[in-house]
Amino acid sequence: MQRKKGEDAMDKRTLNHPPRTRFGLVLLPLAIAIAGGCGHPDSNRTPDADAGDAAVDRLDAREDAGEPAREDAGEEGTAEAVEEESRGEEPAEEAAAEEQVEEVAEQEAVNEVEPEPLDVVEEKEEGAEIVAEPDAADMAEEEGPFLTPGFVLVPAGSFTMGSPAGEPGRAPDETQHFVTLTVRFEMMAREVTQGEFQARVGRNPSSFPSCGASCPVEQVSWHEALDYANLFSAFAGKAQCFDCTGSTTAGVSCSLKTAYARPQDCPGFRLPTEAEWEHAARATTTTAFSSGPVTASGCSPDANLVLIGWYCNNCGVGYAGCYDLSGAGGSACSGPHPVGGKQANLWGLFDMSGNVFEWVWDWYRSDYELLPGTDPVNMVPGSISCLRGGGWIGHVHYCRSADRGYAASDVRSNHIGFRLVRSLP
Ligand SMILES: [Ca+2]
Ligand SMILES: [Ca+2]
């Protein structure tokens, strides 16, 4: 589906489609995103300005230290180049995409999605003789694994990661490939909230405190999300997965403990791998959203997305300190919403599309299809981490299950949050 010129405005300011090369073309859109607070220049507030300047400074410092730098492909045209590249659809594919949208319009609205109950209560008939009570082993089998309150079970299994060529809004870094996950895990049904973060960390960094304690925490870097996972593990009596150094003021830096070859091996709380996140977001579905195919673009109302997600079309709010998205096709008073306010997917997960973008474990690489097909995870250290699921500030296409975003791992943003997972035996 072709996007109109006017709809591209926010793409250049928010987290953009990835480049073909691993680090090329990343930094300029990112710098724009941070310096501009990822919103319209006429926004009535710039909550990210201070943190953003610091983040950009750190990026510059890393470049001086010899880390991978941007491609010198002409910065003037970089944002435009990325956007052009990101469309990634040949005319034939556009036609196919439009056909697909027409088919969608004829379909019934989305199924009601309620999580399956984990245990089944059998009613006993009045007066019926009870032959035998199930023994403890049977009970354990029926009830499944112990789940942490607020988490849902995500089964192991195989799925096709990425998006088909005809999916409207897709980008070139979403090449479809078959993935098998051998480790089941539990995942927070909702994004980590401001209230939860405040309770464990003792501060609330969010740009939208007026949204309330049940709104997603944002302004948390990838490293800070790992630090939070460690705190959560300590609280729950589980092993901590990460070594973290630094402080809140100086900036925390975390890495996987050397005892674990990959994050799935740690029995404590952590971020999902990129493959785990998409497997969970799809919950067996193959459409662009867990609720159905894409039916719109930009900030337009998408009949399937509005059922499950907050994005620039419906992120209007009434609280103080909201964000002006009117110049980008959204409401003049926009922001995140309390978590869990839309329909869950088939596995009971809320807001996998929209509300806040979510950090995942993997460092970004555009060719993720070259990773091993079983339990894939990019363990090659980098400085650009993957983001998934779109957010309140983003267009329809960012909220697709296959969409891949990215940002420097130490960036904090008013539309980036996270949720935790834990491998289950
Ligand atoms: Ca993308
Ligand atoms: Ca989300």
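This passage describes a helix, a nonpolar core and a strand in a predicted model.

Helix 8 spans residues 274–282 and is mostly covered. Of its 9 residues, 9 are buried. The buried set mixes residue types: Glu274, Glu276, Glu278, His279 and Arg282 are among them, as are Ala275, Trp277, Ala280 and Ala281. Ala283 follows the helix. The phi of Ala283 is positive, near 50°.

Ala280 of helix 8 also belongs to the largest nonpolar core, which holds 78 residues. Ala280 is one of the residues that touch the most other members, together with Met187, Ala225, Ala229, Leu271 and Leu349. Helix 7, residues 222–236, supplies the largest share of this core, with 6 residues. In soluble globular proteins, nonpolar side chains tend to be buried together. Residues up to four places away in sequence aside, Ala229 touches Cys241, Phe242, Phe269, Arg270, Leu271 and Leu420. Leu271 thus appears both among the contacts of Ala229 and among the core members with the most neighbours in the core.

Strand 9 covers residues 384–388 and is likewise mostly covered, with 5 of its 5 residues buried. Side chains in a regular strand alternate between the two faces of the sheet. In strand 9, Ile384, Cys386 and Arg388 point one way. Ser385 and Leu387 point the other way. Both sets are buried.

Strand 9 has antiparallel pairings with strand 8 and with strand 10. Strand 8, residues 357–363, is joined to strand 9 by 3 bridges. Trp363 has Ser385 as its bridge partner in strand 9. Strand 10, residues 405–408, pairs with strand 9 over 4 bridges. There, Ile384 stands opposite Ala408.

Notes: Residues numbered from 1 in each chain as written. Chains lettered and ligands numbered in written order. Predicted model: local features only at pLDDT ≥ 70, side-chain atom pairs only at ≥ 80, totals over all residues. Buried ≥ 20, exposed ≤ 12 C-beta atoms within 10 Å, placed from the backbone. Helix = DSSP H or I, 4+ residues; strand = E, 2+ residues; numbered from the N terminus. Core = buried A, V, L, I, M, F, W, Y, C linked by C-beta atoms within 7 Å. Contact = placed C-beta atoms within 7 Å. Pairing = 2+ DSSP bridges.
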